[in-house]
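Reader: Please take one part of this structure and go through it closely. I would like to look at the place where the two chains meet, and then at what lies behind it on either side.

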Amino acid sequence: MWRLIVDGPRNAAWNMALDEAILEARIQGVVPNTLRIYVFSPSAVSIGYFQKIKESVVFKRIRDYGYDIVRRPTGGGSVFHDEFGEITYSVIADEKTVGFDLVESYQYICRGLIETLKIFGIEANFKPINDVIVNGRKISGNAQLRRKGIVLQHGTLMYNTRLELLRAFLRVPKVKQEIKSAARSTGVTTISRELGRVVSLREVLNALIMGFEKTFGEMDGESYTPLEIELAFRLFRDKYSSEKWLFKR
Amino acid sequence: MIVVEWYRENSRFIKIELYIRDCVVEDIVFSGDFFEEPEGLIESIEKSVRGLQLSDAIKVLGSLDVYGRIIGVDWRDVYEKLCSMLREVYGECIKE
């Protein structure tokens, strides 16, 4: 049976450290497949493993707001984690359960998000490689890392994200901007925007649990093991809060 | 130094910076919003290429997709673009 961890708000470095700690514990076989749901507090911008910080975010503006910036262990692009409008999930599971094929595994896990949105009456679709879209607009981005047969996938669900801040914080390379604008790419959306009313974190959290239970089956609500806490503390201190890690590219 | 940027609609962005001195690759840095498989592929390629003669570096980069893949990117297309820029700027360093 899957383990469900609904975590309290934590800062960006702690959130990344906990995801990787669960991954390591799962590799050691001491914890089951896990779904973790969490919020970033303060709000934060996470960048992909291979991104250059100066090219992917407006560093000073984010810091001026008092928000965190963290490099993820996963690839992909930069993400604005709005404390008041975005919820993050991570799935840590063996490849046998979620799929050996990359796109199939993204699709399988993203089904949990599609089911969540269905609860709100929103029809969403999976867009390969790793996005969930509603009416052509991105509502969730997802990123995956595989280590020793275990998959760590984390992703966002924007329910009331301040899109003006998202646009003010994230940089898009010129070549990408030009092609996207020529293709009339339609951007991003949120649950609140789709419904025309403001949805609360509580509503989204409940729907997210139900949506993932439809995909993974019943889950056991639990907390972290002492090993995970110890690993997370080390990763927090030595990796995710270090400038060396943040500026590694 | 040469910089290659590559992006296609519905794909991922990749940038490769190559620092070359006296026909030797002093440094190479991949960046972008792509994914890799397996974990560590890009860092091991960067490490293997540093310090190599440009001709040898090109061969190593050409074999990247033997060891894994850069997800979201057409590596053959990126590689062709990179080689064509290198031939143009550092042609005298490249032994065919």
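Author: What follows goes from the interface to selected residues of chain A and then to each chain as a whole. The model is predicted, and the values below are computed from it.

The interface comes first. In this model, 25 residues of chain B are in contact with 27 residues of chain A. In chain B, B:Y7, B:F35 and B:E39 lose the most area to chain A, and together they account for 30% of what that side buries. Between them, the two chains bury about 2,200 Å². Carbon and sulfur atoms carry 54% of that area.

Charged pairs also cross the boundary. The rule finds seven salt bridges across the interface of chain B and chain A. One pair that can be inspected directly is B:D33 with A:K176, a salt bridge in which the closest N and O atoms are 2.4 Å apart. With both residues at pLDDT 80 or more, 13 residue pairs are in polar contact between chain B and chain A.

Several elements of chain B supply the side that touches chain A. Those giving two or more residues are β2 (14-21), β3 (24-32), β4 (35-37), α1 (41-49) and β5 (69-71) of chain B. Of these, β3(B) gives the most, with four residues. By residue class, the side of chain B that touches chain A divides into eight nonpolar, four polar and 13 charged residues.

Two residues of chain A lead from this boundary into chain A. Start with A:L102, which is placed in helix α5 (residues 102-119) of chain A. Because its relative accessible area is 8%, A:L102 is buried. Setting aside residues up to four places away in sequence, A:L102 touches B:E37, B:R69 and B:I71 in chain B, and A:I129, A:Q144 and A:R146 in chain A. Another distance to check in the viewer is that from A:L102 to A:V151: the two are 49 residues apart in sequence, and their C-alpha atoms are 9.9 Å apart in space.

The second is A:N142, in strand β9 (residues 137-147) of chain A. A:N142 has a relative accessible area of 3% and is therefore buried. Its side chain is joined to that of A:S140 by a polar contact of 3.3 Å. Not counting residues up to four places away in sequence, the residues that A:N142 touches include B:F35 from chain B. B:F35 is also among the residues of chain B that lose the most area to chain A. Within chain A, the residues touched by A:N142 include A:Y89, A:Y106, A:C110, A:L113, A:N130, A:D131 and A:H154.

That last contact leads to A:H154, which belongs to strand β10 (residues 150-158) of chain A. A:H154 counts as buried because its relative accessibility is 4%. The side chain of A:H154 makes a polar contact of 2.9 Å with the side chain of A:D19. A second polar contact, of 2.7 Å, links the side chain of A:H154 with the side chain of A:T74. With residues up to four places away in sequence left out, the residues that A:H154 touches include A:M16, A:Y38, A:R72, A:P73, A:Y89 and A:S90, as well as A:G141, A:N142 and A:A143. A:Y89 is thus found among the residues touched by A:H154, and A:Y89 is also among those touched by A:N142.

The chains themselves complete the picture. Chain A has eleven helices and eleven strands. Its C-alpha trace spans about 50 × 45 × 35 Å along the principal axes. A compact globule of 249 residues would have a radius of gyration near 18 Å, and the 17 Å of chain A agrees with this. Buried residues make up 59% of the 249 residues in chain A. Of the contacts in chain A with a separation of 6 or more, 78% are between residues 24 or more positions apart.

Chain B has four helices and five strands, which run β-β-β-β-α-α-α-β-α from the N terminus on. The C-alpha trace of chain B spans about 35 × 25 × 20 Å along its principal axes. For 96 residues, a compact globule would have a radius of gyration near 12 Å, and chain B, at 13 Å, agrees. In chain B, 51% of the 96 residues count as buried. Residues 24 or more positions apart account for 50% of the contacts in chain B with a separation of 6 or more.

Methods
Residues numbered from 1 in each chain as written. Chains lettered and ligands numbered in written order. Predicted model: local features only at pLDDT ≥ 70, side-chain atom pairs only at ≥ 80, totals over all residues. Heavy atoms only, no water. Contact = heavy atoms within 4.5 Å. Buried area = accessible area lost by both parts, 1.4 Å probe. Salt bridge = Lys/Arg side-chain N within 4 Å of Asp/Glu carboxyl O. Polar contact = N/O pair within 3.5 Å; in protein donor to acceptor, adjacent residues only side chain to side chain. Nonpolar A, V, L, I, M, F, W, Y, C, P; charged D, E, K, R; others polar. Rg over C-alpha atoms; globule rule 2.2 N^0.38 Å. Buried < 20%, exposed > 50% of the residue type's maximum accessible area, 1.4 Å probe, protein only.
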